[in-house]
Amino acid sequence: MHVRSLVGVVVVPVVFVVACKTAETKKPEPAPAAQPVAAKPAPPPPPPEPKVELPPARPLPKAPLGSVEPKASDDNPLTAEKAELGWTLFFDPRLSKDGSMACAQCHHTDKAYTSGNVMDAKVGGAMNKRNSPTMVGLGVHSSFYWDGRMPTLEAVSAAAWKGQLGADPAVSAKALNDVPVYKAMFVRAFGASASPENVPQALASFFRALNTGNSAWDKAQAGDATALSKDAKAGEALFLKAGCAGCHAPPLFSDFAFHALGIGDDAGRFDATKDEADRGKFKTPSLRNVALTAPYFHDGHAKTLEEAIALMAKGGAVTPPKDPLLKPVKWNPKQIAQVKAYLESLTGELTFPEAPKLP
Ligand code: HEC
Ligand code: HEC
């Protein structure tokens, strides 16, 4: 008796309230068929985001002996947080259209960030028409790609994200934000979640921090008379006498300018400037770590360092040489081996020698 009346007391108002609510929601709905959207209940609020506690960013690596200070960027000042984020992104296949490929696929740590192949296929299968260059010391370059068509590290990173990895930046940034650790890393580095603008800024920051030094040559420059072998010293004299340093100028062994060696039939710098005078010109590659970056030249056609040196000693692939700075010399195999020993003395330590742990 008691129980039944209690149930009555409780149930009746609930039913009443529900009935009222239904009546209320239905009221502004004159033709339900015409406006099906209005009948849908409001979506539930999103679940609270998991709180991510990040450890402090790995500090910017110490500049190794002889390494070159990167040029500062006013728009994107270098910080440890951005560099660590860029390093992580560079190795993460999540950046690609289909999750199949990371930047590092063509820029391996153990090959001074080159690929080791003559040419590589992009996401989707289209072939690159040039060899993957080293990423080390990019912070001092003033233009990017073999033909210099990209003006900044941010621009080349954005281009590679779309071109090599096939990414739609907005879709790709959203996918990164779906990973709580990434979102927290972006907020820590940029004060904002991942976006089409700050992903390339993070990659560019990584490149500014990716440096090399402490090679035998750097130690010799710093006064260690025993750092270079006898052959390397003989090779250095040959290298300087032949005018190689006119373009491969220390400390990065590049002038970052464009020269025609007559190799292959690629239009090179002409693609970027449309100036006939630039046809067949390519940015002088840095010879730092060159012993690790085979195959050589923009088209990767020289398999070994000896072959590359022999071709350069001849003044390139056409006689007479196309560039006035190229002065052909006759080097015998022993001399080529000595120049090779010298170039091997440019193999140094990298500030990012390994892949990061991915979130
Ligand atoms: C499928 C191979 C491949 C992948 C993947 C790749 N790259 Fe490259 N990268 C290349 C090639 C080839 C070049 C030279 C292109 C040219 O000069 O026309 C290059 C050049 C560059 C350069 C210019 C270096 C210089 O000396 O001017 C940068 C910077 C770079 N890549 C960054 C990236 C970033 C960032 C990613 C990921 C978003 C990436 N790359 C993914 C093949 C690749
Ligand atoms: C006129 C400027 C110039 C001079 C002088 C010069 N080089 Fe080069 N070197 C270049 C350019 C530009 C390339 C890239 C050309 C290409 O890929 O088509 C290159 C490429 C190379 C490479 C291949 C590097 C790589 O990563 O692919 C080596 C090794 C090399 N040069 C060694 C030498 C030596 C040794 C000498 C002296 C005998 C020399 N160079 C003189 C401009 C020069």
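Which residues have the most contacts inside the largest nonpolar core? In this predicted model, they are Leu-89, Phe-90 and Tyr-113, within a core of 40 residues. Five helices, α3, α4, α5 (169–177), α6 (180–190) and α7, each supply at least two residues of this core. The most is given by α7, with seven residues. A second core, separate from the largest one, comprises 26 residues, among them Cys-244, Leu-261, Ile-263 and Leu-287. In soluble globular proteins, nonpolar side chains tend to be buried together.

The surroundings of ligand 1 were examined next. The ligand has 26 residues around it, of which Cys-103, Cys-106, His-107, Tyr-145 and Trp-146 come nearest. By class, 17 residues of this shell are nonpolar, five are polar and four are charged. Polar contacts to the ligand involve both side-chain and backbone atoms of the protein. In the side chain of His-107, an N or O atom is 2.9 Å from a nitrogen atom of ligand 1. For Arg-130, a polar side-chain atom is found 3.4 Å from an oxygen atom of the ligand. Trp-146 instead places a backbone N or O atom 2.8 Å from an oxygen atom of ligand 1. Two elements, α4 (153–163) and α7 (198–209), give two or more residues to the shell. Of the elements, α4 gives the most, with three residues. Helices α4 and α7 thus appear in both settings, as contributors to the ligand shell and as suppliers of the largest nonpolar core.

The iron atom of ligand 1 has a single protein donor, NE2 of His-107, at a distance of 2.2 Å. His-107 is located in the loop between α3 (80–90) and α4. This loop residue is also among those that come nearest to the ligand, and its side chain takes part in the 2.9 Å pair with a ligand nitrogen atom.

Away from these sites, Asp-278 was considered individually. This residue is placed in the loop between α10 (270–273) and β3 (281–283). Asp-278 counts as buried because its relative accessibility is 14%, under the 20% limit for that class. When neighbours within four places in sequence are left aside, Asp-278 is in contact with Ala-267, Arg-269, Phe-270 and Thr-273. Of these partners, Phe-270 and Thr-273 carry the numbers that bound α10 (270–273).

Terms used: Residues numbered from 1 in each chain as written. Chains lettered and ligands numbered in written order. Predicted model: local features only at pLDDT ≥ 70, side-chain atom pairs only at ≥ 80, totals over all residues. Heavy atoms only, no water. Near = heavy atom within 4 Å. Polar contact = N/O pair within 3.5 Å; in protein donor to acceptor, adjacent residues only side chain to side chain. Helix = DSSP H or I, 4+ residues; strand = E, 2+ residues; numbered from the N terminus. Nonpolar A, V, L, I, M, F, W, Y, C, P; charged D, E, K, R; others polar. Donors = N, O, S within 2.8 Å, 3.2 Å for Na, K, Ca; no water. Core = buried A, V, L, I, M, F, W, Y, C linked by side-chain atoms within 4.5 Å. Buried < 20%, exposed > 50% of the residue type's maximum accessible area, 1.4 Å probe, protein only. Contact = heavy atoms within 4.5 Å.
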